[in-house]
Amino acid sequence: MPTLMRNHWLSRSAPLFRLYPVFLVAIAGVFLVTPLSAQNAPVPPILLGTSWYPEQWPEARWEADLSLMENAGIRMVHMGEFAWSRIEPSEGHYDFDWLDRAVAAAGKHGMWVVLGTPTAGPPAWLTEKYPETLRVNREGKLAEHGNREQFNFANLKYRELARGIAERMAKRFGHNPVVIGWQIDNEYTEASFDANTRKQFQQWLKARYGTLEKLNSAWTTPYWSETYFSWDQIPIQDEYGNPGILLNWKRFVSDTWRSYQKNQLEVIRANADPRQFITTNMMGWFEGYDHYTVAQDLDIAAWDDYVGQGHLDPVRNGAAHDLTRGLKQKNFWVMETQPGFVNWAPINNSLDKGEVRAMAWHDIGHGADAVSYWQWRSALNGQEEYHGTLVGADGSPVPLYSEVQQIGQEFARAGPALAGTSPRSDVAILHSYDSRWAIMYQKHNRNYDPIDELLSYYKPLRRISQSIDIVPPTARLESYKLVVAPGLNVISDAIAENLIEYVRQGGHLVLGQRSGMKDENNGLQPERQPGPLVNLLGGRVEQYYALTDSIPIEGNFGSAKSQAMQGKLWAELLSAKEDDVEVLARYGKSNGWLDGQPVAITRKVGRGRITYIGAWFDEEGMEAAGEWMLDISGVKSALASVPQGVEVYPRYGTNKVVYVIVNFANDAQTVVLPVSMADVLAGGVKKSVSLVRFGVAVLSAVQ
Ligand code: GAL
């Protein structure tokens, strides 16, 4: 969830008692252990971390906190991202000494440090002296000091100041052996709607379209007399407006966040050792900018994984991991995650006992190489007093501490087996921000959510195949046996070419409902859906219908057994134009137009295949369709079929595969293994494993 929204959940309770050390007993044993030193050891392959804000505490307290962290197996601290006012208390006067000491103290306790540049929280003097750096919201209201993110991402003065502080930090810590990486800013969220940003948007459009003639034509501006005669007439439109402006505004915002980031990234890169990675903490499904655009300059992708209200949904959360892994197509970090509960959801319930550990292993299984808890300890005042932590206001461990300690021990034990491994799949799901935005701006059915649409395909495909990649439609696809594009609404020429080539080379492409309706200007394709893929498909969409009620669907989906399936929200009437097109399923009796008409068609093209599914199937329907897709494409389960609720996550390395298995079912479950495997956590060799609810096994096999 965007950071700023969380600020709306301000709850300022009475100041807590300033009680210090009741924690002495808890940490007594720690001092008997010889402290590790980060500098003298290699970085562990799997890291447990936490966000620590030394600037909020007296220095005399640091040692106790770091000892408790070390005792929990925490090997990484994430800090600095909100410390600008402490680092530069007045313009041009810097105090880095305390941060030097904090980093060194963490190193002494065997921890590595990820430093955040502090630009999401500019100090009051800055805002006061340079009011032009303030953000203007959609309604034209100027932000102010007192929360965070009051800055304007496009403002040149702010960029100069942000670059300045990032450069100073990089010069100071770029060669520090304890610092292993950098996080730029914190959760890019809010665009600005001020006059200068609008000017930049107009210039951006000029660079994209070249002439007003081209722009007017691409956006069909004679419509409602919208024609532009000069660039400065073009407005920002963000919620309702010309579809061409809407989509381009989002792209402009994405490019602006990219250049905002690059501004800092360049000075860090120029001053830091190459071993120090640069990332930023993204937000999973957040739709405010195109993550592919922003991630391209980073070394690794990272995201903040919060459940909020309720419990971990391994499907939705797992897909967000796969999305993040797809940004750089390699392992990623969970830079922040909740220690039990948050403070910003409508009901901030805690995850159950065991669920935090299950979630940590679910993260690793999806390709995370670090899991870091936000935050270590709550500041005694400030907007987030109620957030979950690992130690309480009194500085002693909360009940969750011992579960996190267990995770720390397990990460250390499993590290060598997991080193050099990452998930890999035969199945790719295509995800595109352009398409998501295009559908969100014109849902046509207010209940149509493009992420839920993607998940409706992801769920059965992931359950059966046990591993999915989520990649953009421009990615290289030749290694996949099956490529599924749910709601690929916007298809540019380059995307069309990539997909056609994939099928011609022998791949199986499945297009989900609403695919191929728009071009890259968010205008309608001049053909029916799926636009540039109609010829390849040998069929097309004759008409689309938003649905108020579910409708019946009848079909066999190849060898999958016939199901009583339903379609909901959306239905497209398909037609087969070529003789070799096979109808997989038809609509039952519904609105008359659809009755008996094709809902899913498929066609073999050389060694490849293309399929179009025109309705949002219910779960049974998606199960049948998913089974059929995998089967006909030759995709097998990564491990074996497992009981319902058990998740299998394979990570592959050279000559080995490590399976993380987590039981999210309510009861204990047994997984029978196809071959004997080494039990990495419990020891020994196993032919089957029994897992209680939230139980975890890590198994290693030779490949
Ligand atoms: C994140 C943010 C953190 C903290 C956390 C609380 O969005 O990056 O600074 O506010 O939420 O859940």
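This tour moves through a predicted model, from a sheet and the helix packed on it to aromatic rings and the charges that sit over some of them.

**The sheet**

Begin by selecting strand 21 (646-653) and strand 24 (685-691), which stand at the edges of an open sheet of five strands. The strand order is 21-22-25-23-24, and the pairing is antiparallel. Because strand 21 and strand 24 each have a single partner strand, one side of each is left without a neighbour in the sheet. With the five strands displayed together, look at how they are turned: neighbouring strands make an angle of 25° on average, direction ignored.

Next select strand 23, residues 669-679, together with strand 24; these two run antiparallel and are joined by six bridges. Which residue of strand 24 is the bridge partner of Ala678? Selecting Val685 shows that partner.

Now add helix 13, residues 355-365, which packs on the sheet and touches strand 21, strand 22 (656-663) and strand 25 (696-702). If you compare directions, that of helix 13 makes about 40° with that of strand 21.

**Aromatic pairs**

Across the whole structure, a search finds 34 aromatic pairs. For one of them, select Tyr94 and Phe96, whose ring centres are 6.2 Å apart and whose planes stand at 5°, so the pair is stacked. Is each of these residues buried or partly exposed? Tyr94 is partly exposed, with a relative accessible area of 30%, whereas Phe96, at 5% relative accessibility, counts as buried.

Move on to Trp376 and Tyr401, an aromatic pair with an edge-to-face arrangement, in which the centres are 6.5 Å apart and the planes make 65°. This pair links distant parts of the chain, since Trp376 lies in the loop between strand 9 (368-373) and helix 14 (400-418) while Tyr401 belongs to helix 14, the two residues being 25 apart. Both Trp376 and Tyr401 are buried.

To see a cluster linked by ring pairs, select Trp84, Phe151, Phe153, Tyr158, Tyr188, Trp257, Tyr260, Phe286 and Tyr289 together.

**Charges over rings**

Finish with two arginines and their tryptophan rings. Select Arg86 and Trp98 and follow the arginine side chain to its charged end, which sits over the ring of Trp98 at 4.8 Å from the ring centre. Then select Arg514 and Trp570, where Arg514 lies over the face of the tryptophan, 3.9 Å from the ring centre.

Conventions
Residues numbered from 1 in each chain as written. Predicted model: local features only at pLDDT ≥ 70, side-chain atom pairs only at ≥ 80, totals over all residues. Heavy atoms only, no water. Pairing = 2+ DSSP bridges. Helix = DSSP H or I, 4+ residues; strand = E, 2+ residues; numbered from the N terminus. Axes fitted to C-alpha atoms, helices over the stretch in contact; angles between N-to-C directions. Contact = heavy atoms within 4.5 Å. Phe/Tyr/Trp six-rings, centres within 6.5 Å; stacked < 30°, edge-to-face > 60°. Buried < 20%, exposed > 50% of the residue type's maximum accessible area, 1.4 Å probe, protein only. Lys NZ or Arg CZ within 6 Å of the ring centre and 35° of its normal.
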